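Student: I'm new to this one and would like to be walked through it. Could we take it a piece at a time?

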Amino acid sequence: MAHRKLPNPEEMPAVFHEWLFWLSSLEDKPATTVRAYNQGVRRVVCFAEIKPDDFSADSFSQRELTDIARTMKVSEKPDPKNPGKTIREFKPATLSQSMAAMKSFLDFCITDGLVKEVPNVSLIRKVSKLAVEQPEPEYYTIGELKRLFDAALMDVDAKKTGDNVRWPERDCAMLSLFAGLGLRVSEVIDADCSWVIFDGLESSKRAVIRVEGKGNKMRRLPLSEELIDILEVWKRARSERFGEPNPDDPLFVTRNGAKRLNYPRLRYWVLRLNKLAGLKNRSLHSLRHTAGVQWASKGVRMAEIQSLLGHASIKTTGVYTDMASVDLLKSIKKSEANNLVAQIVKEIDQ
């Protein structure tokens with residue numbers, strides 16, 4: 001079977017583009033989700049051999065969409081690594097994502113009154129057994145995390161392959177926010193200098209980081225003294241090279257200071273650190289899992305972990321934030337990763 005070519009977005013009907021706008025503007029879906037759903041619906045349209053401009057909410061009956069899902073599940077293609085053999089055309093996750101995209105599109109059409117009835121995609125996923133088995137989340141043990149920090153502190157040789165993405169002070173600060181505070185990759189990328197807010201009192205050393213998370217939801221996380229110290233170490237190193245940053249400048253920048261970090265660069269960065277540390281390759285998200293595991297192992301309540309990681313919407317007043325911060329700060333300080341940050345600051349300052 002020849003490789004399937006998805007229809008271009010420009011070939012899709014107006015309702016398709018209205019749905020994409022609805023996803024990003026009204027549903028606050030992140031760009032990655034919008035892009036994945038965009039591809040998912042076009043994948044179904046391609047497999048069903050429907051002309052793109054003929055596609056609509058009533059293109060499929062319940063039975064037709066069920067048959068498509070089942071056929072996609074067992075569809076095969078030539079195995080590029082083993083001539084003469086075949087492999088499944090769609091991975092389970094890809095198929096599940098395609099059906100999730102179809103459900104979202106059909107929900108939009110119902111909500112907008114474009115149709116009165118649509119196929120029940122949840123039922124289709126159930127009867128077609130499209131559920132994807134979730135793998136156990138990977139994380140770093142405290143010993144492995146120490147090796148990762150040690151790798152970050154290694155001298156940088158700009159001429160050495162891979163070292164052009166490293167900057168010890170910055171890398172330790174980023175590792176600290178990932179593993180010590182549980183920030184998402186997108187949150188570290190999007191963070192501006194203005195996200196870090198001090199209380200303004202010279203007699204105290206208190207600060208919070210105002211995180212704009214998934215779905216533009218805001219959460220304010222207290223910073224331990226150790227996290228404040230590592231961020232100040234990074235700020236000094238950055239200022240020595242590029243001058244004092246502005247509040248709206250990225251919190252983390254590339255080695256030349258000109259660009260905000262992006263996902264491919266960070267992915268290569270953690271790949272490089274894992275290799276230097278002699279560890280198996282793990283995803284960036286494993287660092288976030290590390291924070292959750294550390295808190296749970298120290299007996300931090302699940303409700304507090306949920307607040308710290310932003311798994312639920314947090315709508316608070318300033319007073320509530322101040323009250324919650326006391327307990328949350330205690331939770332952060334219980335983390336072995338946080339204790340490790342204190343050691344790293346001392347090593348950098350030596």
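What follows is a chat that goes from the whole chain down to single residues.

Student: What kind of model is this, and how many helices and strands does the protein chain have?
Tutor: Keep in mind that this is a predicted model. The secondary structure of its protein chain comes to 14 helices and 5 strands.

Student: What percentage of the residues in the protein chain is buried?
Tutor: The chain has 350 residues. It exposes about 19000 Å², with carbon and sulfur atoms supplying 50% of that area. As for the buried residues, their share of the chain is 44%.

Student: Among contacts between residues at least 6 apart in sequence, what share joins residues at least 24 apart?
Tutor: Here we leave out pairs that sit under 6 apart in the sequence. Of the contacts that remain, the share joining residues at least 24 apart is 66%.

Student: How are helices H2 and H4 oriented to each other?
Tutor: Two packed helices are described by the angle between their axes and the distance between the axes. For H2 (residues 31-47) and H4 (residues 92-111), the axes come within 8 Å and cross at roughly 95°. An angle of 65 to 115 degrees counts as roughly perpendicular. So H2 and H4 are roughly perpendicular.

Student: Which residues of H2 meet H4, and how many of the contact's residues are nonpolar?
Tutor: From H2 come Ala36, Tyr37, Gly40, Val41, Arg43 and Val44. They meet H4 residues including Met99, Ala100, Met102 and Phe105. Across the contact, 1 residue is charged, 5 are polar, and the nonpolar ones number 9.

Student: Gln39 is in H2 too. What does its relative accessibility make it?
Tutor: Gln39 does belong to helix H2. Its C-alpha atom is 8.7 Å from that of Pro9, though the two are 30 residues apart along the chain. Its relative accessibility is 32%, so Gln39 counts as partly exposed.

Student: Where is Ala48, and which residues is it in contact with beyond four places in sequence?
Tutor: Ala48 is found in the loop between H2 and helix H3 (62-74). With 25% relative accessibility, Ala48 counts as partly exposed. Its C-alpha atom is 9.8 Å from that of Ala69, which is 21 residues away in sequence. Setting aside neighbours within four places, the residues in contact with Ala48 are Phe60 and Ile68.

Student: What is notable about the phi of Glu49, and is Glu49 buried or exposed?
Tutor: Most residues other than glycine have a negative phi. Glu49 is not a glycine, yet its phi is positive, about 60°. Glu49 lies in the loop between H2 and H3. At 70% relative accessibility, Glu49 counts as exposed.

Student: Where does Met12 sit, and how far is its C-alpha from that of Lys51?
Tutor: Met12 is in the segment before helix H1 (14-26), and at 4% relative accessibility Met12 counts as buried. Leaving aside neighbours within four places, its contacts include Val41, Val45 and Phe55. Lys51 is 39 residues away in sequence, but C-alpha to C-alpha the separation is 8.7 Å.

Student: Why does the span of helix H11 agree with what should be expected?
Tutor: H11 covers residues 285-297, which is 13 residues. At 1.5 Å a residue, that should span 18 Å. The result agrees because the end C-alpha atoms of H11 are apart by 19 Å.

Student: Which residues of H11 are buried, and what phi does Gly299 have?
Tutor: The buried residues of H11 are Ser286, Leu287, Arg288, Thr290, Ala291, Gly292, Gln294 and Trp295. Gly299 follows H11, and its phi is positive, near 85°.

Student: Which residues is Thr290 in contact with, leaving aside neighbours within four places in sequence?
Tutor: Thr290 is found in helix H11, and it is buried, with a relative accessible area of 1%. Its C-alpha atom is 8.4 Å from that of Ala337, 47 residues apart along the chain. Beyond its sequence neighbours, Thr290 is in contact with Tyr139, Tyr140, Leu145 and Ala179.

Notes
Residues are numbered from 1 along each chain as its sequence is written. This is a predicted model: local features need pLDDT of at least 70, side-chain atom pairs count only at pLDDT 80 or more; totals for chains, interfaces and linings use all residues. Side-chain values use heavy atoms; hydrogens and water are left out. Axes are lines fitted to C-alpha atoms, for helices over the stretch in contact, and angles run from 0 to 180 degrees between N-to-C directions. Helices (H or I, at least four residues) and strands (E, at least two) are DSSP runs, numbered from the N terminus. Angles under 35 degrees count as roughly parallel, over 145 as roughly antiparallel, 65 to 115 as roughly perpendicular and the rest as oblique. Contact means heavy atoms within 4.5 Å. Ala, Val, Leu, Ile, Met, Phe, Trp, Tyr, Cys and Pro count as nonpolar, Asp, Glu, Lys and Arg as charged, and the others, Gly among them, as polar. Buried means under 20% relative accessible area, exposed over 50%, partly exposed in between (1.4 Å probe, protein chains only). Accessible areas come from the Shrake-Rupley method with a 1.4 Å probe; for residues, only the protein chains shown count as cover. The expected span of a helix is 1.5 Å times one less than its number of residues.
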